[in-house]
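Colleague: I've got this one open on my screen and I'd like to see how it packs. Mind if I throw a few questions at you?

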Amino acid sequence: MDSFDHILNWSLKRGSHPFPGPDGGTCINEAAVVACGFPYRPVKSPLDLPECFSRPICRLALRLNDEAGEADRQRLMPFVNRLACADSPEVEARRAAYIRAHIDLDAPLANCVPLGEGIRILEGALAIGRQADPLGLDEVAGRMRAARGEAERSRASARPLGAKLKAWLGLPREVEEVG
């Protein structure tokens with residue numbers, strides 16, 4: 001699992017991003033949506049996730065993602081395929097209580113815990129209740145590649161006609177259009 005981010009050539013970024021992002025990444029929850037086979041969607045809060053995602057766990061994951069520095073954030077990559085583990089309301093309440101007992105997610109970002117401690121809390125919350133269905137790395141990598149390709153095709157089709165013609169003809173972008 002340590003090579004997860006290397007295999008995907010993916011990086012986790014702070015905040016929500018257009019998929020796949022100009023810098024090749026998204027936040028942990030957006031990556032999890034795609035890794036679990038759903039179409040990409042921006043995730044600004046856990047409420048933006050499919051129902052099969054645990055809201056308390058994804059709220060913690062989002063907080064850890066946004067608090068971590070660029071290099072440390074990549075330590076969250078192994079959790080991408082574990083967030084789709086929603087359980088009964090009782091189990092979700094136990095997860096939320098466990099997280100609340102260890103970290104105040106309503107505190108300002110400046111009151112963050114060290115990432116190692118946050119990962120320990122995330123692992124503890126994930127141990128409560130239903131576990132996410134296991135996904136093979138090949139399956140996750142394939143889904144990420146397919147989503148990235150679809151996003152690139154979508155971006156290419158959104159270019160103005162003049163830019164498309166220049167690209168098709170192999171002309172540099174700075175060539176002015178003849179009016």
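Colleague: Which residues of H2 are buried?

Modeller: By buried I mean under 20% relative accessible area, with exposed over 50% and partly exposed in between (1.4 Å probe, protein chains only). Helices here are DSSP runs (H or I, at least four residues; strands are E, at least two), numbered from the N terminus. In this predicted model, the buried residues of H2 are Ile28, Asn29, Glu30, Ala31, Ala32, Val33, Val34 and Ala35.

Colleague: Is H2 largely enclosed or largely open, and how many of its residues are buried?

Modeller: Some ground rules first: this is a predicted model in which local features need pLDDT of at least 70, side-chain atom pairs count only at pLDDT 80 or more, and totals for chains, interfaces and linings use all residues. Residues are numbered from 1 along each chain as its sequence is written, and side-chain values use heavy atoms, leaving out hydrogens and water. As for H2, it is largely enclosed by the rest of the structure, because the buried count is eight of the eight residues.

Colleague: Which residue just after H2 has a positive phi?

Modeller: Step off the end of H2 and look at the backbone there. With a phi of about 95°, the residue you want is glycine 37.

Colleague: What kind of aromatic pair do phenylalanine 38 and phenylalanine 53 make?

Modeller: A search of the whole structure turns up one aromatic pair. Rings of Phe, Tyr and Trp (its six-membered ring) pair if their centres lie within 6.5 Å; planes under 30 degrees apart are stacked, over 60 edge-to-face and the rest tilted. Both partners sit in the loop between helix H2 (28-35) and helix H3 (55-67), 15 residues apart. Their centres are 6.3 Å apart with the planes at 55°, so the pair is tilted.

Colleague: Which of its touching partners does phenylalanine 53 have, and is it buried or exposed?

Modeller: Contact means heavy atoms within 4.5 Å. Not counting residues up to four places away in sequence, phenylalanine 53 touches Ala32, Val33, Cys36, Phe38, Cys58, Leu83, Ala84, Cys85 and Ala86. Phenylalanine 38 is partly exposed at 29% relative accessible area, whereas phenylalanine 53, at 1%, is buried.

Colleague: Which element gives the largest share of the largest nonpolar core?

Modeller: A nonpolar core is a set of buried Ala, Val, Leu, Ile, Met, Phe, Trp, Tyr and Cys residues joined through side-chain atoms within 4.5 Å. The largest one has 34 residues, and Ile28, Phe53, Leu60, Leu76, Val80, Leu83 and Leu122 touch the most other members. Elements giving two or more residues are H2, H3 and helix H6 (115-126). The largest share, six residues, comes from H6.

Colleague: How far is the backbone nitrogen of isoleucine 28 from a polar atom of the side chain of asparagine 65?

Modeller: Asparagine 65 lies in helix H3 and is buried, with a relative accessible area of 0%. A polar contact is a pair of N or O atoms within 3.5 Å; within protein, one must be able to donate a hydrogen and the other to accept it, and residues adjacent in sequence count only if both atoms are side-chain atoms. One such contact, of 3.0 Å, joins the side chains of asparagine 65 and aspartate 66. For the backbone nitrogen of isoleucine 28, the distance to a polar side-chain atom of asparagine 65 is 3.3 Å.

Colleague: What separates the C-alpha atoms of leucine 62 and isoleucine 28?

Modeller: Leucine 62 is in helix H3 and counts as buried at 12% relative accessibility. Its contacts include Cys27, Ile28 and Asn29. Leucine 62 and isoleucine 28 are 34 residues apart along the chain, but their C-alpha atoms are separated by 6.7 Å.
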